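Here is a friendly walk through a few spots worth finding in your viewer. Have the structure open and follow along.

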Amino acid sequence: MRKQFFAGITAGFFIFLSFLSFAQKKSPAVNNDAVKTSAMAGIQAKYDDYKNIAMQIWDFAELGYKEVKSSALHQKTLQDNGFTVQAGVADIPTAFVATYGSGKPVIGILAEFDALPGLAQQAVPEKKTIEGKPAGHACGHHLFGTASVAAGIEIKKLIEEKKISGTIKVYGCPAEEGGSGKVYMVRAGLFNDVDVVIHWHPGADNSITMTSALANKSAKFRFHGLSAHAAAAPERGRSALDAVEALDYMVNMMREHVPQETRIHYVITNGGKAPNVVPDFAEVYYYVRHPKREDVMSIFDRVVKAADGAAMGTGTTVDYEIIGGTHDLLLNHTLGDAMQKNLERVGGVNYTPEEIEFAKKIQASFGYKPPAIETAAMVKPIKEESNTGGASTDVGDVSYAGPTVGMSAATWVPGTSAHSWQAVACGGTGIGAKGMMVAAKTMALTAIDLFTTPALIEKAKTEFVKTKGDYQYKALLGERKPALNYRD
Ligand SMILES: [Zn+2]
């Protein structure tokens with residue numbers, strides 16, 4: 001009896017010990033609601049600082065892989081706030097991973113910061129370029145990166161102050177616009193230990209991203225011929241421009257014989273220098289897009305065959321360089337539903353009377369009927385779109401590395417399209433900065449859910465495994481090194 005009693009006590013003691021060690025590994029219970037309220041206030045309190053960072057990057061307007069100052073500013077902000085920054089990852093000088101905390105879960109937030117060529121615009125509601133400026137933030141990536149940094153810093157505070165276990169990583173992702181920056185980062189294994197990835201994109205409404213994206217493969221085809229005097233000795237010349245035109249003609253005929261949702265577009269990036277010289281060099285830059293990556297691959301191979309044919313027929317030679325390649329985007333409903341609740345809690349963007357005047361002028365420039373200005377203050381209900389949309393994104397490749405969720409925030413006046421002067425103009429004002437805060441807060445709140453509710457991560461992962469199926473990820477751009485000079 002006594003013996004049994006001691007054995008019972010001993011067993012009980014061990015159970016108690018193991019409970020203690022279990023409890024230590026787990027994060028302490030936190031009041032989710034109070035933490036969220038304080039996170040929103042914490043981000044809002046730094047509105048001026050974050051606006052200032054975003055406006056500096058709006059002004060830098062650096063092109064893909066050339067975002068030296070923009071990337072450095074984000075890295076410094078994160079470092080000043082206690083993050084450890086690993087810079088120059090995946091053989092990309094402007095890519096970085098900023099980390100705080102340790103152990104599981106690992107939550108990643110994506111940050112972009114590249115601008116678009118030829119879209120310099122002042123922060124005014126009429127088309128007004130900036131003389132001598134080669135680029136502008138027409139996709140709002142200056143806001144994108146800054147909101148992600150802001151959310152990361154707020155989560156760092158949570159981990160530190162509430163002694164929560166886990167790791168927050170802010171991924172500095174260069175060259176989204178055609179450079180496929182994230183693809184190299186995925187290929188380098190930088191997302192291998194991440195449980196969930198959160199991202200957003202500047203837009204003209206507040207909504208959760210429930211539209212997939214087109215897979216995309218792009219390349220520059222370069223033809224080499226023989227130059228000669230175009231009038232005095234044309235028979236000695238072989239025109240590389242003829243070859244480009246032959247390729248374009250064949251691809252334009254091919255359009256009739258590709259699956260319905262295919263998108264193919266090109267620009268001639270070099271067509272020779274003078275009409276009286278037979279061009280010995282010409283280059284054309286192609287994009288091939290389709291909702292399914294398998295179709296993109298096979299249509300792209302047909303374009304390559306057409307290029308060979310064009311070279312053969314014009315007596316020239318051809319080589320090509322793959323510039324980019326991105327996957328379609330895997331959606332995650334579990335995470336989308338969680339993020340929707342947070343977006344509804346944060347709410348949309350309210351304009352001042354001056355901003356309403358600005359918005360009216362922007363909308364008057366559209367030439368089509370835009371949604372009401374007040375919709376900037378609203379949050380759209382969550383809804384999966386049956387079509388894939390017309391865009392491609394390198395977030396697609398990230399979405400194959402782990403459960404990924406994203407949203408749009410109204411950084412632009414309702415009705416504004418991306419890649420327009422109106423988007424650059426809005427992004428340079430308080431309208432853009434306020435939309436950025438909606439994104440920063442919603443991402444931070446969603447990360448709080450993930451850090452405090454392990455079951456949410458498990459559910460998201462189960463859905464991810466089901467959606468991805470047995471596909472083994474392989475980058476569409478193969479083994480090529482990052483196309484660091486694709487904007488030259
Ligand atoms: Zn973009």
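Leaving aside residues up to four places away in sequence, T77 touches I53, V149 and I153. This threonine is found in helix α4, which covers residues 68-80. Please keep in mind that the model is predicted. T77 and T146 lie 69 residues apart in sequence, yet their C-alpha atoms are 9.6 Å apart in space. Is T77 buried or exposed? With a relative accessible area of 12%, T77 is buried, because the cut-off for that label is under 20%.

Two cysteines can be looked at in the same way. The structure holds 0 disulfides. C173 is in no disulfide, and the nearest cysteine sulfur, which belongs to C139, is 14 Å away. A pair of cysteine sulfur atoms has to be within 2.5 Å to count as a disulfide, so C173 and C139 do not qualify. Both C139 and C173 are buried, and the table sets their values beside that of T77.

| Residue | Relative accessible area |
|---|---|
| T77 | 12% |
| C139 | 7% |
| C173 | 0% |

Next, please move along the chain to helix α10. This helix runs over residues 333-346, and its 14 residues reach 20 Å from the first C-alpha to the last, close to the 20 Å expected at 1.5 Å a residue. At the start of α10, a side-chain oxygen of N332 comes to within 3.3 Å of the backbone nitrogen of T334. Just after the helix, G347 adopts a positive phi of about 80 degrees.

Which residues of α10 are buried? They are T334, L335, G336, A338, M339, Q340, N342, L343 and V346. What covers them includes the helices α2 (32-45), α14 (430-452) and α15 (454-468), together with the strands β7 (196-203), β8 (207-208) and β13 (404-410).

N332 and β13 both come up again when we turn to empty space inside the model. How many cavities of 30 Å³ or more does the structure hold? There are 3 of them, and the largest has a volume of about 60 Å³. Lining this largest cavity are H199, T209, M210, L329, L330, L331, N332, T404, V405 and G406. Strand β13 gives the largest share of that lining, with 3 residues. So N332, whose side-chain oxygen reaches toward T334 at the start of α10, is also one of the residues around the largest cavity.

Methods. Residues numbered from 1 in each chain as written. Predicted model: local features only at pLDDT ≥ 70, side-chain atom pairs only at ≥ 80, totals over all residues. Heavy atoms only, no water. Helix = DSSP H or I, 4+ residues; strand = E, 2+ residues; numbered from the N terminus. Expected span 1.5 Å × (residues − 1). Buried < 20%, exposed > 50% of the residue type's maximum accessible area, 1.4 Å probe, protein only. Contact = heavy atoms within 4.5 Å. Polar contact = N/O pair within 3.5 Å; in protein donor to acceptor, adjacent residues only side chain to side chain. 1 Å grid on protein atoms, 1.4 Å probe; cavity = no way out; pocket = protein on both sides within 12 Å on 5 of 7 lines; lining within 4 Å. Points joined across faces, edges and corners; volume = space filled by probe spheres on them.
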